[in-house]
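Trainee: I have this model open and would like a close look at a single part of it. Could you walk me through the sheet and the pieces that pack around it?

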Amino acid sequence: WLVWVTIQYKDSKPYYAGVAGCEMTVDTEIRRGYKSLPEHVNKMDKSLKGKILVDDMDQKSKKILADFLKSHNEAMWNHSEKELHEALLSGEE
């Protein structure tokens, strides 16, 4: 997954405002990646507009992304909208 993450400010504090996951296939043997350019452009735009689009991602990938965003900057994670937390952690056991 390639994930577009947009950071904005609320109450003078940064937070993860938009997150959109895009599928990407990589052939490691020939070191070549494949993606749908229109999908990536559209999802980048939606991320910039503060949308959370991770429904296409599997639960394991969502958990990895949540863990990364938390470890990258826990304050930004904590200041982010509840929608992001629910989208990435719903279904977690």
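**The sheet and its surroundings**

Mentor: Happy to. In this predicted model, three strands make up an open sheet with the order 1-2-5 and mixed pairing. Strand 1 and strand 5 are the edge strands, each pairing on one side only.

Let's take the two pairings in turn. Strand 1 (residues 2–10) and strand 2 run antiparallel and are joined by nine bridges. On the other pairing, strand 2 and strand 5 run parallel, with two bridges between them. A handy residue for keeping your bearings is Val19: Val5 stands opposite Val19 in strand 2, and Val19 in turn stands opposite Ile52 in strand 5.

How far can you trust what you are looking at? The chain has an average pLDDT of 94, and 98% of the residues score at least 70. Confidence is highest in strand 5 (residues 52–53), at a mean of 98, while strand 4 (residues 32–34) has the lowest, at 91.

While you are on strand 1, have a look at Thr6, which is found there. Is Thr6 buried or exposed? Its relative accessible area is 9%, and because buried means under 20%, Thr6 counts as buried. Setting aside residues up to four places away in sequence, Thr6 touches Tyr15, Tyr16, Ala17, Gly18, Ser47 and Leu48. Glu81 is 75 residues from Thr6 in sequence, and their C-alpha atoms are 13 Å apart in space.

Now follow the chain into the hairpin of strand 1 and strand 2, which has two residues between the strands. Asp11 lies in that loop, and so does Ser12. Both are worth a click for their backbone angles. Asp11 has a positive phi of about 55° although it is not a glycine, and Ser12 also has a positive phi without being a glycine, near 65°. Because exposed means over 50% relative accessible area, Asp11 is exposed at 62%, and Ser12 is exposed at 71%.

Just past the loop comes Lys13, which is placed in strand 2. Its relative accessibility is 47%, so Lys13 counts as partly exposed. Beyond its neighbours within four places in sequence, Lys13 is in contact with Gln8 and His79. Ser80 sits 67 residues from Lys13 along the chain, yet their C-alpha atoms are separated by 9.7 Å.

That contact leads us to His79, in helix 3. With 17% relative accessibility, His79 counts as buried. Apart from neighbours within four places in sequence, its contacts are Lys10, Asp11, Lys13, Pro14 and Tyr15. Among these, Lys10 has a polar link to show you: the backbone oxygen of Lys10 lies 2.8 Å from a polar atom of the His79 side chain. Asp11, one of the contacts of His79, is the loop residue we met a moment ago.

From helix 3, move on to the nonpolar core. In soluble globular proteins, nonpolar side chains tend to be buried together. Here the largest nonpolar core has 13 residues, and the ones touching the most other members are Val54, Trp77, Leu84 and Leu88. At least two residues of this core come from each of strand 2 (13–22), helix 2 (59–72), helix 3 (74–79) and helix 4 (82–89).

Trp77 is a good place to centre your view. Leaving out neighbours within four places in sequence, Trp77 is in contact with Tyr16, Ala66, Leu69, Lys70, Leu84, His85, Leu88 and Leu89.

Two of those contacts, Leu84 and Leu88, bring us to helix 4, where Leu84, Ala87 and Leu88 are buried. Why do they line one face of the helix? Looking down the axis of helix 4, its buried residues fall within an arc of 90°, so they sit along one face. An α-helix has 3.6 residues a turn, so residues three or four places apart point the same way. The cover over the buried residues of helix 4 includes strand 2, strand 5, helix 2 and helix 3. After helix 4 comes Gly91, with a positive phi near 85°.

To pull this together on your screen, start at strand 2, which pairs with strand 1 through nine bridges and with strand 5 through two. Then turn to helix 4, whose buried residues are covered in part by strand 2 and strand 5.

Notes: Residues numbered from 1 in each chain as written. Predicted model: local features only at pLDDT ≥ 70, side-chain atom pairs only at ≥ 80, totals over all residues. Heavy atoms only, no water. Core = buried A, V, L, I, M, F, W, Y, C linked by side-chain atoms within 4.5 Å. Buried < 20%, exposed > 50% of the residue type's maximum accessible area, 1.4 Å probe, protein only. Helix = DSSP H or I, 4+ residues; strand = E, 2+ residues; numbered from the N terminus. Contact = heavy atoms within 4.5 Å. pLDDT = per-residue confidence, 0-100. Pairing = 2+ DSSP bridges. Polar contact = N/O pair within 3.5 Å; in protein donor to acceptor, adjacent residues only side chain to side chain. Arc of directions from axis to C-beta.
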